[in-house]
Amino acid sequence: MFSISQMLESHVPKTISGVVKLEHHGLVSETRLVCTVFLGFPSLLQDFSLDNLQGIFTLVQRKLDETNGGFLQMRFDEKGFVIICGYGLPGHTEKGMARKAIKMACEIVTELRVGLGHEAVAGITRGLGFCACIGSEERTEYSVFDEKVNLAARLMSLAEGGRYR
């Protein structure tokens with residue numbers, strides 16, 4: 001049986017978890033070229049269930065694994081249910097990351113509409129972002145900060161009817 005830390009560690013880039021284990025948190029703070037993808041799921045507002053949420057999350061995680069992307073955050077806020085993903089994160093840097101981010105978002109929007117009957121929208125940007133672990137020893141989160149991240153959120157909010165921007 002797996003411990004909780006082993007299960008959670010599978011979702012953290014190995015380059016980050018190794019540095020965190022060594023307690024060198026400052027070493028993961030850097031400016032780097034990243035693609036940020038905001039995925040929104042407006043149909044979950046009318047048709048919420050844990051099964052629907054699990055189906056969506058499983059699809060997103062599979063697509064991220066296929067395209068070497070990283071999961072950053074899942075939340076529910078004024079934009080509805082949102083999953084934030086990143087390309088170009090430590091351990092996930094390679095050529096063609098913008099193409100892979102677009103491919104992943106397009107496939108998710110299509111597969112959710114056709115396969116699960118859910119609407120999905122996406123906003124995608126590329127640019128320099130400040131990447132860092134934030135929080136305390138009890139709760140730390142790896143995140144990306146930049147105006148391009150905010151732009152991806154705004155583009156997602158503008159997308160309608162299973163579209164991406």
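Is Glu111 buried, partly exposed or exposed, and what is its relative accessible area? Glu111 is partly exposed, at a relative accessible area of 30%. The model is predicted. Across the whole structure, a search finds seven salt bridges and zero disulfides. Lys63 is a good place to start, with salt bridges to Glu66, Glu107 and Glu111.

**Lys63 and its partners**

- Lys63 is buried, with a relative accessible area of 5%. That value is under the 20% cut-off, so the residue falls in the buried class.
- Lys63 pairs with Glu111 in a salt bridge, at 2.8 Å from N to O. Glu111 sits in helix α4 and Lys63 in helix α3, so this pair ties together parts 48 residues apart in sequence.
- Glu107 also meets Lys63 in a salt bridge, at 2.9 Å from N to O. Glu107 belongs to helix α4 (residues 97-116) and Lys63 to helix α3, so this contact links parts 44 residues apart in sequence.
- Glu66 forms a salt bridge with Lys63 as well, where the closest N and O atoms are 3.5 Å apart. Both residues lie in helix α3 (residues 50-67). They are three residues apart, about one turn of the helix.

**Exposure of the glutamates**

- Glu66 has a relative accessible area of 48% and is partly exposed. The exposed class needs over 50%, so Glu66 stays in the partly exposed class.
- Glu107 counts as partly exposed, at 22% relative accessibility.
- Glu111 is partly exposed too, at 30%.

**The wider network**

- Which residues do salt bridges with shared partners join into one network? They are Arg62, Lys63, Glu66, Lys103, Glu107 and Glu111.
- Within that network, Lys63 bridges to Glu107 and to Glu111, both of them in helix α4.
- The Glu66 to Lys63 bridge, by contrast, has both ends in helix α3.

**Cysteines**

- How many disulfides does a search of the whole structure find? The search finds zero.
- A disulfide is a covalent bond between the sulfur atoms of two cysteines.
- Cys131 counts as buried, at 0% relative accessibility.
- Cys133 also counts as buried, at 18% relative accessibility. The cut-off is under 20%, so Cys133 falls within the buried class.

How values were computed:
Residues are numbered from 1 along each chain as its sequence is written. This is a predicted model: local features need pLDDT of at least 70, side-chain atom pairs count only at pLDDT 80 or more; totals for chains, interfaces and linings use all residues. Side-chain values use heavy atoms; hydrogens and water are left out. A disulfide is a pair of cysteine sulfur atoms within 2.5 Å. Buried means under 20% relative accessible area, exposed over 50%, partly exposed in between (1.4 Å probe, protein chains only). A salt bridge is a side-chain nitrogen of Lys or Arg within 4 Å of a carboxyl oxygen of Asp or Glu. Helices (H or I, at least four residues) and strands (E, at least two) are DSSP runs, numbered from the N terminus.
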